[in-house]
Amino acid sequence: MKFTPETYRIPDKPMTSFIDSEEIWNYIHTTISTKEKVREIIVKSLSKKRLNLEEVAVLINADDPELIEEIKEGAKTLKKTIYGNRIVLFAPLYVGSKCANNCTYCGFRASNKEVVRKTLNDQELISEVEALEENGQKRLILVYGEHAHYSPEYIAHTVKVAYSVRKGNGEIRRININAAPMEIDGFKTIKEAGIGTFQVFQETYNREAYKTYHLSGKKADFDYRLTSLDRAQEAGLDDVGIGALFGLYDWRFEVLGLIRHTNHLEACYNVGPHTISFPRIKDASSLNLGDKYFVSDEDFTKLIAILRLAVPYTGMILTAREPEKLRNEIIQYGVSQIDGGTKLELGSYSKTEKEEQNLNNEQFKINDDRSLNDIIDELLDQEMIPSFCTSCYRRGRTGEHFMEFSVPGFIKRFCTPNAILTMAEYIEDYAPEQTAIKGWKAIEKNIETLEDDKIKKSVLEKIEKIKAGERDLYY
Ligand code: SAM
Ligand code: SF4
């Protein structure tokens, strides 16, 4: 049966939800995890095959420290073979904090009278984007509360404004969105504005738990949210991101929920989510949640490694909610994108003085406030190559055609060269001397890894062009 948004709207025929709590709990409670099974499953994943729910449950139930280590090692190897040593960088940009919902975990919830509400006007938005461009950012995610003010037309307008900003050699080449779910027409409107990925996090895949956190507003409707990316697909927006907010419910359930959601999108639309996000709850203005479902660093690391093995071809995003040390470690287990130089307070990128975070001015606390350049330095020290590549989306390689992962040799032909070229641009335009020295060394080393002499020659030529002032060269 094809799940369409219409299926979900027929009132006396409620959705045959693709999320079945009982089924998920059954997998967790009845799956037995033996050494042999775990190892077999890691081998399957390393051959780049998707895991089914039962196999994911086997990994979830593995609690022998030796096996957990093997799961992490497996994820590390898989990441290296599929993604190489690239990490894509982006920055979040909060556009508006008005919100009509009451999500108990969020500083922006309507009932929170402490938080200062703000919506950037066009000039403020331009100043923010200029400041981000001056740091070297090329990829943004625009973030909005859920409010009548933030209509699809308004969001499309802000996207167009942000794309139009040019500061020096700076420009924003890809804008992703994290905003409230929409109707099909709304998704069409923002697709036309040229967005990249549209993210909607289900927060928790457990219907009962969901009710206890989403007290009022449109977001209280579990099904409407769960089906939002189906509507995006119906609208032709095939680049979507899913996520769960870890700490709301049992993490094991959420991991299976994410995989089930991925399976659903793949089965119905021939394309899974482009990205999975796994935010962990952080402190926020006037927050009082309790920690019944607190996810420890150990479990968090394990679940990220499991996600990597479960869906080898899906991008994974780790944000500055997590502290530097943990981010540096977890990146290795399968993360493909991180944010850098992150500030959450509305209007704060264009402020010159560094301010302490004030939770009444933002959504939640971040724990990694390093500048973009500090993060680039660290990635280079870890022998990774930071990338600002936006090529696939601009060349229309999205949806069914997320070829970066599935076409053999694609990474060597496109991703590594594009990472090298965007890094060369960053060095020329924004890097301090020390970073530039390290960066050119990394570029040299990565060029060496390109086996095809034609590609090598072409990349070297393009680097000369970048040095001579040309920009935006990509494959
Ligand atoms: N308002 C839109 C919505 O709810 O879909 C946009 C998303 S909200 C601005 C971005 C995400 O932040 C939420 O989906 C949620 O997962 C996450 N979030 C909310 N409160 C958080 C907290 N206290 N700590 C960490 N992440 C949080
Ligand atoms: Fe509003 Fe989103 Fe925060 Fe919920 S998570 S209160 S919808 S901004």
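A residue counts as buried when its relative accessible area is under 20%. In this predicted model, Asp 377 comes in at 17%, so it falls on the buried side of that cut-off. Asp 377 sits in helix H15, which runs over residues 372–381. Once its neighbours within four places in sequence are set aside, Asp 377 is left with contacts to Thr 435 and Lys 438.

It helps to see how the chain is divided up. The domain assignment splits it into domain 1 (21–77), domain 2 (86–406) and domain 3 (412–467). Between the centres of domain 1 and domain 3, taken over C-alpha atoms, there are 38 Å.

Another buried residue turns up in helix H2, which covers residues 21–30: this is the place of Ile 28. With a relative accessibility of 5%, Ile 28 counts as buried. What does Ile 28 touch, leaving aside its neighbours within four places in sequence? The list is Asn 61, Arg 252, Phe 253 and Leu 256. Lys 160, by contrast, lies 45 Å from Ile 28, C-alpha to C-alpha, with the two positions 132 residues apart in sequence.

Helix H8 (residues 184–192) has a buried side made up of Ile 184, Gly 186, Phe 187 and Ile 190. These residues cover an arc of only 160° around the axis, so they end up on the same side of H8. As a rule, an α-helix has 3.6 residues a turn, so residues three or four places apart point the same way. And which residues sit on the face of H8 turned away from the buried side? That face carries Asp 185 and Glu 192, and both are exposed. After H8 comes Gly 194, with a positive phi, near 90°.

Finally, there is a pair of helices that pack against each other: H5 (residues 65–83) and H13 (residues 297–310). Their axes are 9 Å apart and meet at an angle of about 50°, which means that H5 is oblique to H13. The crossing of H5 past H13 is left-handed. On the H5 side, the residues that take part are Ile 68, Ile 71, Lys 72, Gly 74, Ala 75, Leu 78, Lys 79 and Tyr 83. Facing them from H13 are Thr 301, Lys 302, Ala 305, Ile 306, Arg 308 and Leu 309.

Conventions:
Residues numbered from 1 in each chain as written. Chains lettered and ligands numbered in written order. Predicted model: local features only at pLDDT ≥ 70, side-chain atom pairs only at ≥ 80, totals over all residues. Heavy atoms only, no water. Domains from an automatic or database assignment. Helix = DSSP H or I, 4+ residues; strand = E, 2+ residues; numbered from the N terminus. Buried < 20%, exposed > 50% of the residue type's maximum accessible area, 1.4 Å probe, protein only. Contact = heavy atoms within 4.5 Å. Arc of directions from axis to C-beta. Axes fitted to C-alpha atoms, helices over the stretch in contact; angles between N-to-C directions. Parallel < 35°, antiparallel > 145°, perpendicular 65-115°, else oblique. Left-handed = near helix turned anticlockwise from the far one by under 90°.
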